[in-house]
Amino acid sequence: MSEVLLVVGLLVAAFVGYNIGGATTGPAFGPAVGANVITKLMAAALMSVFFFLGAITIGPNVVDTLGQELVTDTSIFTLRSNVAVLFFIGGALFVGNYAGVPASTSMTAVGAISALGFATGELDWSVLGEIVVWWIVAPIIGFWVAGVVGRYFYPRINEWIAIEGNREGRQMITVDRSGAVPRLQFGDDATRREITGAFVVVGIGCLMGFSSGTSNIANAIAPIYGTGVDMIPLILLGSAAVTVGCFTIARRTLDTLGNDITNLPLTAAIVVAVISSTIVVGLSWIGIPASFVVIATMSIIGLGWGRATRTTTLSDAARGEETRVSVGALTAETEGERSPEIGEEEPEDIPKASDLFDPATTARVILMQNVVPVISTVGAFLTFQFVPIFGL
């Protein structure tokens, strides 16, 4: 019976990994795909490789936190309870992926494992408290770092990179397989600057894939690891399942993040990705499962806020002059124009946020990002608390 439950647990862990691949590929490579820099197939391949690199290097730190430290007695990670925990993690993420919304995998997993610990009286509240504190602090850090970049550096970064999406429906980077060795091929009309920009946005996507691996591999394998199964085989299994998700269900989140929700300029997407990925990798290094989605959202808001405040100098603000703050400020730069100095622009020059985000899609994303972790947490708690077969 235990062998059967172990096999079922591994299959459910693979199901969770499959949904992680679907949920995380969009945030990482949505901007590159939406701008026709690379294809969805290339995005899936790159995501698979760099997720594994993050999972095998820094990922074990987070696996230890969720599989060994979040609960005071790891004996509650029976094969039966593991199947239930992973079922709620995978099921909740599948709901988000089916809706085309990249939900927070870390919040979903921590919620389900915490529900098991709370229902059995084995939850380590100090570890959970540390995780929650970082969940609050990390987005604030992202907001303020992005705000400083937006106010003081964003126009110059935009002028330096000047990445414009290829809107003619042709991918800027493709793979030529006609020869014995595949090689990269660029659009006939692509300039050196455009090619450099394309490499930058793809490179940032790879960084995001790496950061996702450092944090999210634990969400698929931590409960199974808590039973004493070796970590490396579990990481290989989880990464393989993520790869399958990248090549299949991730197409929906790539469409949402690349085309539907926002016209976020690629320069802004790069800035947000660098800030968010750096924070996630740092937290993973100390064993904290982090929500990239939440950190990135706050970074976008902070970047837009900082960019919009450039209309007012500090001395003007001290005199009480009004500044219209808008995330849409990120669209204010035009290629070829001189970067405006702080105080040179008028508030009327700053676009509205509605020019940047599609309100209906944005509302759906925010709703599902909160609903998915709640489904996982509440469902797991009710199961462990009231279903006799899972009583521990």
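Here are some short exercises with worked solutions on a predicted model.

**Exercise 1. Getting your bearings**

Find how many helices and strands the protein has, and what share of its residues is buried.

*Solution.* Start with the secondary structure: the protein has 14 helices and 2 strands. Next, take burial: of the 392 residues, 54% are buried. Then turn to the surface, where about 16,600 Å² is exposed, with carbon and sulfur atoms supplying 65% of that area. Finally, look at the contacts with a separation of 6 or more: 83% of them join residues 24 or more positions apart.

**Exercise 2. Two helices, two kinds of burial**

Compare the end-to-end reach of helix α9 with the expected value, then work out where its buried residues lie around the axis.

*Solution.* Helix α9 covers residues 231–247, 17 residues in total. At 1.5 Å a residue, 24 Å is expected, and the distance from first to last C-alpha is 25 Å, which is close. Now list the buried residues of α9: Met-231, Leu-234, Ile-235, Gly-238, Ser-239, Ala-241, Val-242, Gly-245 and Cys-246. Viewed down the axis of α9, these fall within an arc of 165 degrees, so they line one face of the helix. A general rule helps here: an α-helix has 3.6 residues a turn, so residues three or four places apart point the same way.

Now do the same for helix α12, and decide whether it is enclosed or not.

*Solution.* Helix α12 runs over residues 292–308, and its 17 residues should span 24 Å at 1.5 Å a residue; the end C-alpha atoms are 24 Å apart, in agreement. Of these 17 residues, 12 are buried, so α12 is largely enclosed by the rest of the structure. The buried ones include Phe-292, Ile-300, Leu-303 and Arg-307.

**Exercise 3. Residues in loops**

Place Val-229 and Ser-291, and classify each by its accessibility.

*Solution.* Take Val-229 first: it sits in the loop between α8 (192–225) and α9. Its relative accessibility is 27%, so Val-229 is partly exposed. Leaving aside neighbours within four places in sequence, Val-229 contacts Leu-6, Ile-224 and Leu-234. Leu-6 is 223 residues away along the chain, yet the two C-alpha atoms are separated by 9.8 Å.

Ser-291 lies in the loop between α11 (266–285) and α12. With 4% relative accessibility, Ser-291 is buried. Not counting residues up to four places away in sequence, Ser-291 touches Ser-104, Ser-106, Met-107 and Trp-135.

**Exercise 4. Buried residues in helices**

Apply the 20% cut-off for burial to Ser-212 and Met-42.

*Solution.* Ser-212 is found in helix α8. Its relative accessible area is 7%, so Ser-212 is buried. Setting aside neighbours within four places in sequence, its contacts are Thr-24, Met-47, Phe-51 and Ile-217.

Met-42 belongs to helix α2 (residues 40–57). At 18% relative accessible area, Met-42 is also under 20%, so it counts as buried. The C-alpha atoms of Met-42 and Phe-247 are separated by 9.3 Å, with their positions 205 residues apart along the chain.

**Exercise 5. A patch on the surface**

Locate Val-132 and name the surface feature to which it belongs.

*Solution.* Val-132 is in helix α6 (residues 125–152). Its relative accessibility is 33%, so Val-132 counts as partly exposed. Together with Val-133, Ile-136, Val-137, Ile-140, Ile-141, Trp-144 and Val-145, Val-132 forms a nonpolar surface patch with about 650 Å² of accessible area.

Technical notes:
Residues numbered from 1 in each chain as written. Predicted model: local features only at pLDDT ≥ 70, side-chain atom pairs only at ≥ 80, totals over all residues. Heavy atoms only, no water. Patch = residues over 30% accessible without salt bridge, like charges linked within 9 Å, V, L, I, M, F, W, Y side chains within 5 Å. Areas by Shrake-Rupley, 256 points an atom, 1.4 Å probe, with all protein chains shown as cover. Salt bridge = Lys/Arg side-chain N within 4 Å of Asp/Glu carboxyl O. Helix = DSSP H or I, 4+ residues; strand = E, 2+ residues; numbered from the N terminus. Buried < 20%, exposed > 50% of the residue type's maximum accessible area, 1.4 Å probe, protein only. Expected span 1.5 Å × (residues − 1). Arc of directions from axis to C-beta. Contact = heavy atoms within 4.5 Å.
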